[in-house]
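Visitor: Got a minute to go through a structure with me? I'd like to poke at a few odd spots.
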Amino acid sequence: MVIMLTIPSLCNGGMERVLAALADRFVCEGREVHLILFGLRPLLFYPLNESVTLHLPQEGGLLARKPWIAFQRMLFIRREVKKADPAVLLSFGEYWNSFVLLSLAGSGYPVFISDRCAPGKKLNGIHEAIRRLLYPRAAGIIVQTLSAEAHYHRRFPGLRTAVIPNPLMELAPGPPSQKRKQILMVARMISGKHHDRLISIFAGLDAPDWSLLLVGSDDQGQHHLERLRILAHTLRVNDRVIFAGETKDVIPYYHAAQIFAFTSSSEGFPNVINEALAAGLPVVSYDCEAGPSELIRDGENGYLVPLFDDLLFRERLQQLIDDEGLRQRMGQTAAEGTARFELAAVARRYLTFMEQNVSVPP
């Protein structure tokens with residue numbers, strides 16, 4: 001069976017990492033896998049299985065600003081799909097699923113889609129209008145949380161849905177000898193992750209021998225890094241706030257930390273929370289619209305904090321800092337609850353949903 005995956009780029013991001021992992025696993029499950037990258041800069045930050053057939057456009061272009069480039073990309077997608085003749089297609093990205101559906105309109109190929117954002121996220125007017133028109137034509141939609149499934153059932157009552165969480169990379173709790181007095185956050189430095197709030201929370205802790213480690217790139221042209229450095233200096237914690245930047249191997253950071261903190265206000269499914277739990281870290285997180293509440297059992301493997309309640313967030317971190325036994329108990333509970341996210345099991349759920357809901361085109 002031939003499966004074709006579509007995404008603008010495999011740049012550094014949670015959505016991109018999941019798609020690369022699924023591509024590899026689909027090959028291991030005996031499928032022929034093709035991947036189309038059609039964006040302005042179709043990067044390959046994540047390695048691909050050598051058996052995956054990669055389809056790249058010959059030239060770049062700004063899809064949103066140059067309609068003729070967008071039209072060329074649509075023709076490129078349609079041409080490459082016809083060449084590969086897949087049984088099913090899987091498209092990732094709330095801004096791009098409609099583009100793929102439009103590119104393949106009338107072709108007869110079944111397109112499964114997956115939005116990777118918070119279910120209630122509002123796109124701009126034209127994106128919303130196109131989505132309302134095209135999403136009902138998808139063969140099905142794969143969502144990551146139960147709250148997302150309820151949202152899409154309301155918006156698109158006839159659309160077949162499956163709730164499949166993101167797969168978890170292989171992680172295990174690190175040895176105690178590697179542990180430091182460190183709070184970790186892994187996230188791109190974009191406004192919705194609120195690194196500034198976390199730095200302010202950290203500055204208010206009574207923990208002079210603890211550090212805050214921030215792993216992630218200064219992303220999407222928002223240039224937050226310098227502003228965050230200035231904030232840390234202003235709050236007199238610059239010697240204890242570490243900016244690690246972008247990395248392909250985050251596992252050593254999970255193994256070295258003792259607590260994971262997450263101040264994102266909008267998520268589809270936060271991979272990093274799942275990874276932190278698998279690594280045996282108690283997690284303190286904002287209880288944003290989707291994701292954290294389906295991973296964190298408040299008071300058992302971490303704490304859920306109402307959005308922007310930074311006083312309570314600080315109290316929860318202080319509890320964990322002050323009580324080593326509590327950290328260890330929560331960490332053990334966290335590590336024991338992540339088996340259902342194993343990559344092979346998640347990939348098989350994708351395959352089952354798609355293959356049971358499609359007829360192979362001639």
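Guide: Sure, here is a short chat about some single residues in this model, which is predicted.

Visitor: Let's start with Arg73. Where does Arg73 sit?
Guide: Arg73 is part of helix α2, which covers residues 67-84.

Visitor: And is Arg73 buried or exposed?
Guide: Buried, with a relative accessible area of 1%.

Visitor: What lies 2.8 Å from a polar atom of its side chain, then?
Guide: That would be the backbone oxygen of Phe38.

Visitor: New topic: backbone angles. Which phi does Arg236 have?
Guide: Arg236 has a positive phi of about 60°, and it is not a glycine. Most residues other than glycine have a negative phi.

Visitor: Where is Arg236 found?
Guide: Look in the loop between α7 (225-234) and β10 (241-245). Arg236 is exposed there, at 74% relative accessibility.

Visitor: What about the phi of Phe308?
Guide: Phe308 also isn't a glycine, and its phi is positive, about 65°. Phe308 sits in the loop between β13 (302-305) and α10 (310-322), and is partly exposed at 34% relative accessible area.

Visitor: Switching to cysteines. How many disulfides does the structure hold?
Guide: The count is 0. Cys117 is in no disulfide, and the nearest cysteine sulfur to its own is that of Cys288, 12 Å away.

Visitor: Why no bond for Cys288?
Guide: Because its closest cysteine sulfur, in Cys117, is 12 Å off, which is too far; a disulfide needs the sulfurs within 2.5 Å.

Visitor: Are those two buried or exposed?
Guide: Cys117 is buried at 11% relative accessibility, and Cys288 is buried at 3%.

Note on methods. Residues are numbered from 1 along each chain as its sequence is written. This is a predicted model: local features need pLDDT of at least 70, side-chain atom pairs count only at pLDDT 80 or more; totals for chains, interfaces and linings use all residues. Side-chain values use heavy atoms; hydrogens and water are left out. Helices (H or I, at least four residues) and strands (E, at least two) are DSSP runs, numbered from the N terminus. Buried means under 20% relative accessible area, exposed over 50%, partly exposed in between (1.4 Å probe, protein chains only). A polar contact is a pair of N or O atoms within 3.5 Å; within protein, one must be able to donate a hydrogen and the other to accept it, and residues adjacent in sequence count only if both atoms are side-chain atoms.
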